[in-house]
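I opened this entry to note what I looked up, item by item. The chain as a whole comes before single residues.

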Amino acid sequence: MSNAHVPAPTSRREQILKEAARLFAERGFHGVGVDEIGAAVGISGPGLYRHFAGKDAMLAELLVGISERLLAGGRMRIAESGETPEAVLDALIDGHIDFALDDRPLITLHDRELDRLREADRKRVRQLQRQYVELWVEVVRRVHPGPSEAQARAAVHAVFGLLNSTPHLGRPGALPGRTEAAELLHRLALGAFGAVADGPVAERGAESEGERGAEPVGAEAAGA
């Protein structure tokens, strides 16, 4: 497991996005005004327009941005996490756990508000999510070569659903400490992948084009 996660300093723009995500997740996109977001970061509502064209632009940057960060982070971990497939899978799991614990509002926001994005932004999110899923599928199949590609992909979606369940686990104070929660989620993720490897593997031919092109349900990460 990685060391305790230390958030990096944030810019004013990042502060605005963080508070917008929190408020949108708590009250819904239409339940939050620009003035409220501005008050949360200590500036006037109109002052937000120096950073964003409006709430729609904030929502797009939040949902496209987290998908971009998850994909970039996954690629970085694959490149830097070591020689063994097990080490790479551990690193991918740790990275997604950091997201699931530290950006819980974005998971809620994705589930509720993705359809409010412009079509181009929504397609971009889906494209990034598919790429992120395929990173995991390749690594999982290196660790557990027995299951088919379709089974490995289903397992990845299921693990994302497990890790992305953090918004439903109560308020942060109701959860174990961050280290304990991260360790628990990591064990659960490894256990889920191990269960797929230990189960019966059906003989399958090549997947259909439709299966390969299916939307990554469960990769909602926001996220992912």
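**Whole chain.** I began with burial: of the 224 residues in the protein chain, 45% are buried. The model is a predicted one, and I kept that in mind throughout. I then looked up the secondary structure and found nine helices and zero strands. Read from the N terminus, the order of elements is α-α-α-α-α-α-α-α-α. For the accessible surface of the protein chain I noted about 11500 Å², with 52% of that belonging to carbon and sulfur atoms. I also checked how far along the chain the contacts reach. Taking contacts between residues at least 6 apart in sequence, 76% join residues at least 24 apart.

**Helix 2.** Which residues of helix 2 are buried? In this helix, which covers residues 34-41, I listed V34, I37, G38 and V41 as buried. These residues lie on the same side of helix 2, because the arc they cover around the axis is only 100°. On the other side of helix 2 I found D35 and A39, both exposed. I next looked for what covers the buried residues of helix 2, and the cover includes helix 1 (12-27) and helix 3 (55-80). Just past the helix I checked the backbone: G42 follows helix 2 and has a positive phi, near 80°.

**S44.** I moved on to S44, which sits in the loop between helix 2 and helix 3. Is S44 buried, partly exposed or exposed? Its relative accessible area is 45%, so I entered S44 as partly exposed. I also took a distance back to V34: the two residues are 10 apart along the chain, and their C-alpha atoms are separated by 8.7 Å.

**V64.** I located V64 in helix 3. With a relative accessible area of 11%, V64 is buried, because the cut-off for buried is under 20%. Where sequence neighbours within four places are left aside, I found V64 in contact with D121, R124, V125 and L128. For one of these, V125, I noted the spacing: V64 and V125 are 61 residues apart in sequence, yet 5.4 Å apart in space, C-alpha to C-alpha.

**L92.** I placed L92 in helix 4. L92 has a relative accessibility of 2%, so I counted L92 as buried. Which residues are in contact with L92, leaving aside neighbours within four places in sequence? I wrote down G74, R77, I78, W136 and V139. I looked up the C-alpha separation of L92 and R75 as well, and it is 9.0 Å for a pair 17 residues apart along the chain.

**Helix 4 and helix 5.** I then compared the axes of helix 4 (residues 85-102) and helix 5 (residues 104-113). At what angle do they cross? The axes of helix 4 and helix 5 cross at roughly 85° and come within 4 Å. Helix 4 is therefore roughly perpendicular to helix 5. On the helix 4 side, I listed F99, A100, L101 and D102 as making the contact, and on the helix 5 side R104, L106 and I107.

**T166.** The last residue I looked up was T166, in the loop between helix 7 (149-163) and helix 8 (178-198). Is T166 buried or exposed? I entered T166 as buried, because its relative accessibility is 1%. Not counting residues up to four places away in sequence, T166 touches A100, L101, R104, I107 and L185. Of these, A100, L101, R104 and I107 had already come up in my entry on the contact of helix 4 and helix 5. I checked the polar side as well: the side chain of T166 reaches the backbone oxygen of A100 at 2.6 Å.

Notes
Residues numbered from 1 in each chain as written. Predicted model: local features only at pLDDT ≥ 70, side-chain atom pairs only at ≥ 80, totals over all residues. Heavy atoms only, no water. Helix = DSSP H or I, 4+ residues; strand = E, 2+ residues; numbered from the N terminus. Buried < 20%, exposed > 50% of the residue type's maximum accessible area, 1.4 Å probe, protein only. Polar contact = N/O pair within 3.5 Å; in protein donor to acceptor, adjacent residues only side chain to side chain. Contact = heavy atoms within 4.5 Å. Areas by Shrake-Rupley, 256 points an atom, 1.4 Å probe, with all protein chains shown as cover. Arc of directions from axis to C-beta. Axes fitted to C-alpha atoms, helices over the stretch in contact; angles between N-to-C directions. Parallel < 35°, antiparallel > 145°, perpendicular 65-115°, else oblique.
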